[in-house]
Amino acid sequence: MMATTHALLGMALALPVLAIAPELAPAAFVAGLAGGLAPDLDLYAGHRKTLHYPVYAALTAGLAAGLAVLVPSTATVALAVGLTAAAAHAATDAAGGGLELRPWLADSERAVYSHYHDRWIRPRRWVRYDGAPEDLALAAGAAAPLVVVADGPVAGAALALLAVSAVYVLLRKPLATVAERLARAVPAGLHPYVPERYRGV
Ligand SMILES: [Zn+2]
């Protein structure tokens, strides 16, 4: 799934906070955005493994949510929303395509690593690949309530993320070729730093 879809889903997780405790909502939206994006910081170092914890993040998010209910504050609510967004990110990666450069070819059986099971979870391909039309539909579905219900900056951020998503969807397939060519142009000494899927097959 696109990073922007994860970001929008993370922000949408803050909507209940807006309904229940609006004074805590700004921090919750920022935490949802950050938590939705954070797992993909492992893009260049063990992607979908180093910072993706489909089971442990869900357990931790559950504990944090309990704490936020018992002791509601900006910090506890932000922590709960951020961890829930990170857990949702790792879990929804399993609903998408595999780790390969061209996931629409469906030749990878690795969607996301479960540290709890100590193995890769296979891609379900309900969203066939990041940047697929159904990925954009999901992003739009998460953006819609944010635009309708939330304040100006949050609604604006949601629209901006949706616009970036739409451009990415249009460019997704050509971008794979561009990335591969760029990776080939990288000097040999730097190859270990180029993610495996960009090195071509
Ligand atoms: Zn991810």
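Colleague: By which residues is the zinc ion coordinated?

Modeller: This is a predicted model, in which local features need pLDDT of at least 70, side-chain atom pairs count only at pLDDT 80 or more, and totals for chains, interfaces and linings use all residues. Residues are numbered from 1 along each chain as its sequence is written, and side-chain values use heavy atoms, with hydrogens and water left out. Donors are N, O and S atoms within 2.8 Å of the metal (3.2 Å for Na, K and Ca), and sites may look incomplete because water is not among the atoms. At 2.1 to 2.3 Å, the zinc ion is coordinated through OD, NE2, NE2 and OD, respectively, of Asp40, His52, His89 and Asp93.

Colleague: How is the site of the zinc ion classed from the angles among its donor atoms?

Modeller: Four donors are tetrahedral if all angles lie between 85 and 135 degrees; four are square planar, and six octahedral, if opposite donors are over 155 degrees apart and all others between 65 and 115, and anything else is irregular. Among the four donor atoms of the zinc ion, the angles run from 89 to 167 degrees. The class of this site is therefore irregular.

Colleague: How are the donor residues of the zinc ion spaced in sequence, and how many residues separate histidine 52 from histidine 89?

Modeller: The spacing of the donor residues reads D-x11-H-x36-H-x3-D. Histidine 52 lies in the loop between α3 (25-37) and α4 (56-70), and histidine 89 in helix α5 (residues 74-93), so that the pair links distant parts of the chain; these elements are DSSP runs, numbered from the N terminus (helices: H or I, at least four residues; strands: E, at least two). The separation of the two histidines is 37 residues.

Colleague: Are histidine 52 and histidine 89 buried or exposed?

Modeller: With a 1.4 Å probe and protein chains only, buried means under 20% relative accessible area, exposed over 50%, and partly exposed in between. Histidine 52 has a relative accessible area of 0%, and histidine 89 has 1%. Both histidines are therefore buried.

Colleague: With which residue does arginine 48 form a salt bridge?

Modeller: The criterion is a side-chain nitrogen of Lys or Arg within 4 Å of a carboxyl oxygen of Asp or Glu, and six such salt bridges are present in the structure. For arginine 48, the closest N and O atoms of the pair are 3.8 Å apart. Arginine 48 sits in the loop between α3 and α4 and its partner in helix α5, 45 residues away in sequence; both count as buried, arginine 48 at 8% relative accessibility and the partner at 2%. That partner, also a donor to the zinc ion, is aspartate 93.

Colleague: Which residues are joined into one network by salt bridges that share partners?

Modeller: Arginine 184 and glutamate 180 meet in a salt bridge of 3.6 Å, N to O. Both lie in helix α7, four residues apart, about one turn of the helix. Arginine 184 counts as exposed because its relative accessibility is 58%, whereas glutamate 180, at 11%, counts as buried. The network consists of Arg102, Glu180 and Arg184.

Colleague: What is the angle between the planes of tryptophan 104 and tyrosine 129?

Modeller: Rings of Phe, Tyr and Trp (its six-membered ring) pair if their centres lie within 6.5 Å; planes under 30 degrees apart are stacked, over 60 edge-to-face and the rest tilted. The structure holds three aromatic pairs; this one is edge-to-face, at 5.1 Å centre to centre. It links the loop between α5 and β1 (112-114), home of tryptophan 104, to the loop between β2 (119-121) and α6 (133-149), home of tyrosine 129, across 25 residues. The angle between the planes is 70 degrees.

Colleague: How far apart, centre to centre, are tyrosine 113 and tryptophan 120?

Modeller: These two residues form an edge-to-face aromatic pair, with 80 degrees between the planes. Tyrosine 113 is buried, with a relative accessible area of 9%, and tryptophan 120 is buried at 19%. The centre-to-centre distance is 5.3 Å.

Colleague: What value does phi of alanine 106 take?

Modeller: Alanine 106 is in the loop between α5 and β1 and counts as partly exposed because its relative accessibility is 37%. Its phi is positive, in a residue other than glycine, and lies near 55 degrees.
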